[in-house]
Amino acid sequence: MSRIPQQLTMGVVIGNRGFFPSYLVAEAREQAIALFGRLGINTIMLDPSQTELGGVETRQDAKACAELFRAHRDSIHGVVVLLPNFGDEKAIAETLRLSGLNVPVLVQAEEDNLDKMGLATRRDSFCGKISLCNNLRQYGIPFTLTTQHVCALNGEVFEQDLRRFEQVCRVVSSMRGVRVGAIGARPAGFNTVRYSEKLLERLGIAVETLDLSEVFTRIKTLRDDDIRVDEKRRILIDNADASRIPPEKLVTMAKLFVVISEWVVANDIDTTAIQCWTSLQENLGINVCSIMSVMSGQLMPSACEVDVMGALSMFALASSNMNPASIADWNNNFGDDRDKCVLFHCGNFAASSLESPHMGTADIIGTTVGKENTCGAVHGRLKSGPLTYFRLSTDDLTGEIKAYVGQGQSVDDPLDTVGCRAVIQVPHLENLLNWICRNGFEHHVAMNHSASAEILHEAFTRYLGVSTYLHR
């Protein structure tokens, strides 16, 4: 089961400052309860029995709110700060520092109405937000801003901001403590997918390894009529039309699926990178693509060629929007159209992203190992629609983890080829490709149907400390 959290919990801080109208705190609390409830987001916030109107203004208020957050620290994914009036910037900053939380923070400030600028009704949140952000920066607390400097708590602008912030929180929560399974050694000719486990450890990411010899040994212990094998065989058949695949090949694939799945569960693995050629073809006579397709569809992405950083890229992308991610090569130009290109891989894409997916052989690998030994590749054309692409990489030369992200479109232009393929359109694609080459990125890229580039950019640059290029 995927570790990506589906329902999130937010800590909510409502700021107050005594010489501004305090009734606005109670009003904001009611509006927040209604909004978060409608969006299906759990909340942890002070109630009026703990502080005046449930707001935060004094040092004691800050301590009470921080204590509440500490009691729920394992379930809080983010903090939303609401400023219905100017608010006390120091008390709010102290709340966040005392809580010990290391989660994304969204700052909202309510807008004033021109007909309510008297002493009894004015808010001055416009100014208060600037003061709060200044204090948060002094305290070293990163934060996210709303689209507009001030906006109505019960308005559409803030609702959309909150939905985006929810995605940022999901990415940050998912990436912290993620565990990658590296199954097999990388193909000898693929220096491009080398990576640094030590740099990943700085981000709290662990890599667990499994040798293919252990996989083959475990497969030999499984009987053809094992109920676990039959279950996995049915899952593979449901994932993509397998009518062209010999039954004995499906059984072998199912056994491999059982071994991988049980190892994943036993080791709390979130995402995998597998040596997909040529040992599997030579020893088992199958491809692992369909298994990878299923796992990616279950939001437990699997990358080809032991591309650990590719697997992490897929996991981040899937966590941002809860859509299955796939991995592909930046593979071919598309005629003379310099803003279009072909993305391609043998057959690992998540089936839900494809038009009429079916299982077949991997024709390119088949030229060296025999087509009959490559059963299991998924074939299909990526559906048209919005597309987000993303790539993480470790750079030993600079000692950093880096990334790039951007958006484009999967388009319906004719393309006569096999495997998993897509024609995509990216603004200023030549500039992007130039940047990828100049900065030493791999030829693999993760992608899915979404518009999540700014979400990933915010999550990785602001909260995860990863330098991320946002292509526009």
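1. A definition to begin with: helices and strands here are DSSP runs, with at least four residues for a helix and at least two for a strand. Please keep in mind, too, that this is a predicted model. On that footing, residues 343-469 come out as 22% helix and 44% strand. The C-alpha atoms at the two ends of this stretch lie 20 Å apart. UniProt, in an unreviewed entry, gives residues 343-469 the feature "domain: L-fucose isomerase C-terminal".

2. Now the chain as a whole. Its secondary structure comprises 15 helices and 18 strands. The C-alpha trace spans about 80 × 50 × 40 Å along its principal axes. The radius of gyration is 25 Å, and this agrees with a compact globule, because a globule of 472 residues would have a value near 23 Å.

3. Burial and contacts add to this picture. Of the 472 residues, 60% count as buried. Among contacts with a separation of 6 or more, 78% are between residues 24 or more positions apart.

4. You may like to look at the largest pocket next. About 370 Å³ of space lies in this pocket. Its lining has 18 residues, and those closest to the centre are T144, L145, R164, E454 and E458. Two or more lining residues come from each of β5 (144-145), α5 (156-175) and α15 (453-463). Which element gives the largest share of the lining? That is α15, with 6 residues. By residue class, the lining of the largest pocket divides into 7 nonpolar, 5 polar and 6 charged.

5. The structure also holds 2 cavities of 30 Å³ or more. The largest cavity has about 60 Å³ of space. Its lining is formed by C276, N287, C289, C304, E305, H345, C346, G347, N348 and I365. These residues divide into 5 nonpolar, 4 polar and 1 charged.

6. The second largest cavity has about 40 Å³ of space. Around this cavity are F344, C346, A362, D363, I364, H379, V418 and G419. The classes here are 5 nonpolar, 2 polar and 1 charged. If you are comparing the two linings, C346 takes part in both.

7. Helix α3 (residues 89-99) deserves a look as well. How many of its 11 residues are buried? The count is 8, so the helix is mostly covered, buried here being under 20% relative accessible area. The buried set is E89, A91, I92, A93, E94, T95, L96 and S99. Two glutamates, E89 and E94, are on that list. The packing partners of these buried residues are the strands β1 (9-14), β3 (78-83) and β4 (105-109), together with the helices α2 (59-71) and α4 (125-138).

8. One last residue to inspect is S313, which sits in helix α12 (residues 308-321). Is S313 buried or exposed? S313 is buried, because its relative accessible area is 0% and the cut-off for buried is under 20%. Setting aside neighbours within four places in sequence, S313 is in contact with F390, R391, L392 and A446.

How values were computed: Residues numbered from 1 in each chain as written. Predicted model: local features only at pLDDT ≥ 70, side-chain atom pairs only at ≥ 80, totals over all residues. Heavy atoms only, no water. 1 Å grid on protein atoms, 1.4 Å probe; cavity = no way out; pocket = protein on both sides within 12 Å on 5 of 7 lines; lining within 4 Å. Points joined across faces, edges and corners; volume = space filled by probe spheres on them. Nonpolar A, V, L, I, M, F, W, Y, C, P; charged D, E, K, R; others polar. UniProt positions renumbered as here; feature names shortened; annotations may be inferred. Rg over C-alpha atoms; globule rule 2.2 N^0.38 Å. Buried < 20%, exposed > 50% of the residue type's maximum accessible area, 1.4 Å probe, protein only. Contact = heavy atoms within 4.5 Å.
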